[in-house]
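Me: I would like to go through this structure by question and answer. Please give the reasoning in each reply and finish on the value or name requested.

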Amino acid sequence: MPHMDGSALHDFLAREFPQVAGELAVEALDEAGITLRLRVSERHLRPGGTVGGPSIFLLGDVAAYCAILSRIGPRRLTVTTNAGIDFLRRPEAGRDLLCRAEVLKLGRTLAVVDARFRSDGDVAAVARANFTYSIPPDGVS
Ligand SMILES: CC(C)(COP(=O)(O)OP(=O)(O)OC[C@H]1O[C@@H](n2cnc3c(N)ncnc32)[C@H](O)[C@@H]1OP(=O)(O)O)[C@@H](O)C(=O)NCCC(=O)NCCSC(=O)Cc1ccccc1
(Lines give C-alpha, C1' and ligand atoms only; values in the text may rest on other atoms or scores of the structure.)
Protein backbone atom coordinates (compact mmCIF):
# COMPACT_ATOMS: atom_id res chain seq x y z
CA MET A 1 0.00 0.00 0.00
CA PRO A 2 1.30 3.51 -0.76
CA HIS A 3 2.31 5.71 2.15
CA MET A 4 0.33 8.58 0.62
CA ASP A 5 -2.78 8.09 -1.49
CA GLY A 6 -4.12 10.57 -4.05
CA SER A 7 -6.07 12.53 -1.48
CA ALA A 8 -3.06 12.77 0.87
CA LEU A 9 -0.86 13.96 -2.02
CA HIS A 10 -3.46 16.57 -2.99
CA ASP A 11 -3.61 17.88 0.58
CA PHE A 12 0.21 17.86 0.83
CA LEU A 13 0.61 19.91 -2.37
CA ALA A 14 -2.10 22.36 -1.30
CA ARG A 15 -0.28 22.89 2.00
CA GLU A 16 3.37 22.80 0.88
CA PHE A 17 3.26 23.94 -2.75
CA PRO A 18 0.20 26.20 -3.13
CA GLN A 19 1.87 28.04 -6.02
CA VAL A 20 1.04 25.14 -8.35
CA ALA A 21 -1.38 22.87 -6.47
CA GLY A 22 -4.47 24.44 -8.06
CA GLU A 23 -3.41 23.57 -11.59
CA LEU A 24 -2.47 19.94 -10.92
CA ALA A 25 -4.64 16.93 -10.16
CA VAL A 26 -3.85 13.29 -9.36
CA GLU A 27 -5.58 11.15 -12.00
CA ALA A 28 -4.35 7.73 -10.92
CA LEU A 29 -1.99 6.22 -8.38
CA ASP A 30 -0.75 2.65 -8.11
CA GLU A 31 2.26 0.70 -6.87
CA ALA A 32 4.30 1.55 -9.99
CA GLY A 33 3.63 5.27 -10.17
CA ILE A 34 1.28 8.14 -10.68
CA THR A 35 -0.60 9.94 -13.44
CA LEU A 36 -0.78 13.70 -12.87
CA ARG A 37 -2.87 16.18 -14.87
CA LEU A 38 -1.86 19.74 -15.73
CA ARG A 39 -4.96 21.85 -16.28
CA VAL A 40 -3.66 23.82 -19.23
CA SER A 41 -4.56 27.50 -19.40
CA GLU A 42 -3.24 30.61 -21.13
CA ARG A 43 -0.37 30.96 -18.67
CA HIS A 44 1.15 27.61 -19.75
CA LEU A 45 1.44 28.57 -23.41
CA ARG A 46 4.53 29.70 -25.30
CA PRO A 47 4.77 31.83 -28.44
CA GLY A 48 3.13 29.80 -31.17
CA GLY A 49 0.30 28.71 -28.92
CA THR A 50 1.60 25.36 -27.67
CA VAL A 51 2.27 24.30 -24.09
CA GLY A 52 5.74 25.56 -23.14
CA GLY A 53 8.70 23.52 -21.96
CA PRO A 54 8.80 25.02 -18.44
CA SER A 55 5.20 23.92 -17.89
CA ILE A 56 5.95 20.41 -19.14
CA PHE A 57 8.97 20.25 -16.86
CA LEU A 58 6.93 21.48 -13.89
CA LEU A 59 4.35 18.76 -14.46
CA GLY A 60 7.05 16.09 -14.69
CA ASP A 61 8.98 17.30 -11.66
CA VAL A 62 5.89 17.37 -9.45
CA ALA A 63 4.66 14.03 -10.83
CA ALA A 64 8.00 12.38 -10.08
CA TYR A 65 8.13 14.00 -6.62
CA CYS A 66 4.61 12.73 -5.85
CA ALA A 67 5.40 9.25 -7.18
CA ILE A 68 8.26 9.04 -4.68
CA LEU A 69 6.32 10.56 -1.77
CA SER A 70 3.50 8.08 -2.39
CA ARG A 71 6.06 5.40 -1.53
CA ILE A 72 8.05 7.05 1.27
CA GLY A 73 5.55 9.45 2.85
CA PRO A 74 5.65 13.26 3.17
CA ARG A 75 9.42 13.87 3.15
CA ARG A 76 9.33 17.51 1.98
CA LEU A 77 13.07 17.84 1.50
CA THR A 78 13.24 15.12 -1.12
CA VAL A 79 14.97 17.22 -3.80
CA THR A 80 15.60 16.94 -7.53
CA THR A 81 19.31 16.39 -8.21
CA ASN A 82 19.21 15.53 -11.93
CA ALA A 83 16.73 15.75 -14.78
CA GLY A 84 16.74 15.25 -18.53
CA ILE A 85 13.89 15.83 -20.93
CA ASP A 86 13.22 15.12 -24.61
CA PHE A 87 10.53 17.27 -26.23
CA LEU A 88 9.13 15.04 -28.97
CA ARG A 89 6.04 16.77 -30.33
CA ARG A 90 4.21 20.05 -29.80
CA PRO A 91 1.39 19.59 -27.30
CA GLU A 92 -1.86 21.26 -28.27
CA ALA A 93 -2.87 24.45 -26.49
CA GLY A 94 -6.47 23.48 -25.84
CA ARG A 95 -5.84 20.20 -24.06
CA ASP A 96 -4.67 19.26 -20.61
CA LEU A 97 -1.34 17.45 -20.31
CA LEU A 98 -0.99 14.12 -18.53
CA CYS A 99 2.24 12.79 -17.08
CA ARG A 100 2.75 9.17 -16.13
CA ALA A 101 5.69 8.94 -13.72
CA GLU A 102 7.04 5.56 -12.59
CA VAL A 103 9.65 4.90 -9.93
CA LEU A 104 12.32 2.72 -11.53
CA LYS A 105 14.50 2.49 -8.44
CA LEU A 106 13.82 3.51 -4.86
CA GLY A 107 17.00 3.33 -2.84
CA ARG A 108 17.88 4.57 0.63
CA THR A 109 19.27 7.88 -0.63
CA LEU A 110 18.40 8.10 -4.35
CA ALA A 111 15.22 7.56 -6.34
CA VAL A 112 15.13 7.35 -10.14
CA VAL A 113 11.90 8.12 -12.00
CA ASP A 114 10.87 7.73 -15.64
CA ALA A 115 8.17 10.07 -16.99
CA ARG A 116 6.08 10.17 -20.18
CA PHE A 117 3.85 13.05 -21.21
CA ARG A 118 0.86 13.14 -23.54
CA SER A 119 -2.00 15.48 -24.37
CA ASP A 120 -5.33 14.38 -22.94
CA GLY A 121 -7.10 12.24 -25.55
CA ASP A 122 -3.89 11.37 -27.44
CA VAL A 123 -1.67 8.32 -27.10
CA ALA A 124 1.50 9.72 -28.69
CA ALA A 125 4.12 10.95 -26.23
CA VAL A 126 4.86 14.68 -26.45
CA ALA A 127 7.87 14.35 -24.16
CA ARG A 128 9.78 11.93 -21.98
CA ALA A 129 11.97 12.67 -19.00
CA ASN A 130 14.16 11.14 -16.35
CA PHE A 131 14.50 12.49 -12.83
CA THR A 132 16.77 11.64 -9.92
CA TYR A 133 15.91 12.73 -6.38
CA SER A 134 17.85 12.73 -3.14
CA ILE A 135 15.88 11.32 -0.23
CA PRO A 136 16.70 13.25 2.96
CA PRO A 137 18.49 11.47 5.80
CA ASP A 138 16.46 10.14 8.73
CA GLY A 139 15.38 13.00 10.96
CA VAL A 140 15.31 15.49 8.07
CA SER A 141 11.88 15.90 6.51
C1 LIG B 1 21.21 18.03 -0.35
C2 LIG B 1 21.84 17.64 -1.68
C3 LIG B 1 20.82 16.95 -2.56
C4 LIG B 1 22.93 16.61 -1.42
O5 LIG B 1 23.88 17.19 -0.64
P6 LIG B 1 25.30 16.53 -0.46
O7 LIG B 1 26.12 16.88 -1.62
O8 LIG B 1 25.15 15.09 -0.14
O9 LIG B 1 25.79 17.25 0.85
P10 LIG B 1 25.64 18.76 1.31
O11 LIG B 1 26.73 18.98 2.29
O12 LIG B 1 25.49 19.72 0.17
O13 LIG B 1 24.22 18.76 2.09
C14 LIG B 1 23.94 17.82 3.12
C15 LIG B 1 22.97 18.47 4.09
O16 LIG B 1 21.71 18.65 3.44
C17 LIG B 1 20.69 18.07 4.26
N18 LIG B 1 19.66 17.59 3.38
C19 LIG B 1 18.45 18.14 3.25
N20 LIG B 1 17.76 17.51 2.32
C21 LIG B 1 18.55 16.53 1.84
C22 LIG B 1 18.37 15.55 0.86
N23 LIG B 1 17.22 15.42 0.18
N24 LIG B 1 19.38 14.70 0.59
C25 LIG B 1 20.55 14.81 1.26
N26 LIG B 1 20.77 15.74 2.22
C27 LIG B 1 19.78 16.58 2.50
C28 LIG B 1 21.38 17.01 5.05
O29 LIG B 1 20.66 16.72 6.24
C30 LIG B 1 22.71 17.64 5.33
O31 LIG B 1 22.55 18.54 6.43
P32 LIG B 1 23.70 18.69 7.55
O33 LIG B 1 24.90 19.20 6.83
O34 LIG B 1 23.89 17.31 8.11
O35 LIG B 1 23.08 19.66 8.54
C36 LIG B 1 22.44 18.90 -2.36
O37 LIG B 1 23.13 18.49 -3.51
C38 LIG B 1 21.39 19.94 -2.74
O39 LIG B 1 20.76 20.55 -1.88
N40 LIG B 1 21.18 20.13 -4.06
C41 LIG B 1 20.17 21.08 -4.56
C42 LIG B 1 18.81 20.40 -4.75
C43 LIG B 1 17.80 21.37 -5.29
O44 LIG B 1 17.74 22.51 -4.89
N45 LIG B 1 16.99 20.88 -6.27
C46 LIG B 1 16.05 21.71 -6.96
C47 LIG B 1 14.83 22.00 -6.15
S48 LIG B 1 14.14 20.48 -5.43
C49 LIG B 1 12.55 20.43 -5.93
O50 LIG B 1 12.12 21.35 -6.57
C51 LIG B 1 11.76 19.21 -5.52
C52 LIG B 1 10.36 19.37 -5.79
C53 LIG B 1 9.83 18.86 -6.96
C54 LIG B 1 8.49 19.02 -7.23
C55 LIG B 1 7.68 19.66 -6.31
C56 LIG B 1 8.20 20.17 -5.16
C57 LIG B 1 9.54 20.02 -4.90
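Me: Which residues form one aromatic cluster?
Reply: The model is a predicted one. A search of the whole structure finds three aromatic pairs. One aromatic cluster is formed by Phe 57, Phe 131 and Tyr 133.

Me: Are the planes of the rings of Phe 12 and Tyr 65 stacked, edge-to-face or tilted?
Reply: The ring centres of Phe 12 and Tyr 65 are 6.2 Å apart, and rings pair if their centres lie within 6.5 Å. Planes under 30 degrees apart count as stacked and those over 60 as edge-to-face. The planes of Phe 12 and Tyr 65 stand at 45 degrees, so the pair is tilted.

Me: How many residues apart in sequence are the parts that the pair of Phe 12 and Tyr 65 ties together?
Reply: Both Phe 12 and Tyr 65 are buried. Phe 12 belongs to helix α1 (residues 6-16) and Tyr 65 to helix α3, so the parts that the pair ties together are separated in sequence by 53 residues.

Me: How far from Cys 66 is the nearest cysteine sulfur?
Reply: A disulfide is a covalent bond between the sulfur atoms of two cysteines. A search of the whole structure finds zero disulfides. Cys 66 is in no disulfide, and the nearest cysteine sulfur, that of Cys 99, lies at a distance of 10 Å.

Me: Is Cys 99 buried or exposed?
Reply: Cys 99 is in no disulfide. Buried means under 20% relative accessible area. The relative accessibility of Cys 99 is 0%, so this residue counts as buried.

Me: Which residues around the ligand come nearest?
Reply: The ligand has 14 residues around it. By class, this shell has nine nonpolar, four polar and one charged residues. Those that come nearest are Phe 17, Leu 77, Thr 80, Ser 134 and Pro 136.

Me: Which elements each supply at least two residues of the shell around the ligand?
Reply: Thr 80 lies in strand β5, and Ser 134 lies in strand β8 (residues 127-134). The elements that each supply at least two residues of the shell are α3 (53-72) and β5 (79-87).

Me: How far is a nitrogen atom of the ligand from an N or O atom in the side chain of Ser 134?
Reply: Two backbone approaches may be listed beforehand. A backbone N or O atom of Leu 77 lies 2.7 Å from a nitrogen atom of the ligand, and a polar backbone atom of Thr 80 is 2.9 Å from a ligand nitrogen. For the side chain of Ser 134, the distance is 2.5 Å.

Me: What share of the ligand's accessible area does the protein cover?
Reply: On its own, the ligand has 1100 Å² of accessible area. The part of this area covered by the protein is 42%.

Me: Is Thr 80 buried, partly exposed or exposed?
Reply: Buried means under 20% relative accessible area and exposed over 50%. Ser 134, at 24%, is partly exposed. Thr 80 has a relative accessibility of 34%, so this residue counts as partly exposed.

Me: With which side chain does the side chain of Glu 23 make a polar contact?
Reply: Glu 23 is found in the loop between α2 (18-21) and β1 (24-29). At 13% relative accessibility, Glu 23 counts as buried. At 3.2 Å, the side chain of Glu 23 makes a polar contact with that of His 44.

Notes: Residues are numbered from 1 along each chain as its sequence is written. This is a predicted model: local features need pLDDT of at least 70, side-chain atom pairs count only at pLDDT 80 or more; totals for chains, interfaces and linings use all residues. Side-chain values use heavy atoms; hydrogens and water are left out. A residue is near a molecule or strand if one of its heavy atoms lies within 4 Å of it. A polar contact is a pair of N or O atoms within 3.5 Å; within protein, one must be able to donate a hydrogen and the other to accept it, and residues adjacent in sequence count only if both atoms are side-chain atoms. Accessible areas come from the Shrake-Rupley method with a 1.4 Å probe; for residues, only the protein chains shown count as cover. Helices (H or I, at least four residues) and strands (E, at least two) are DSSP runs, numbered from the N terminus. Ala, Val, Leu, Ile, Met, Phe, Trp, Tyr, Cys and Pro count as nonpolar, Asp, Glu, Lys and Arg as charged, and the others, Gly among them, as polar. Rings of Phe, Tyr and Trp (its six-membered ring) pair if their centres lie within 6.5 Å; planes under 30 degrees apart count as stacked, over 60 as edge-to-face and the rest as tilted. Buried means under 20% relative accessible area, exposed over 50%, partly exposed in between (1.4 Å probe, protein chains only). A disulfide is a pair of cysteine sulfur atoms within 2.5 Å.
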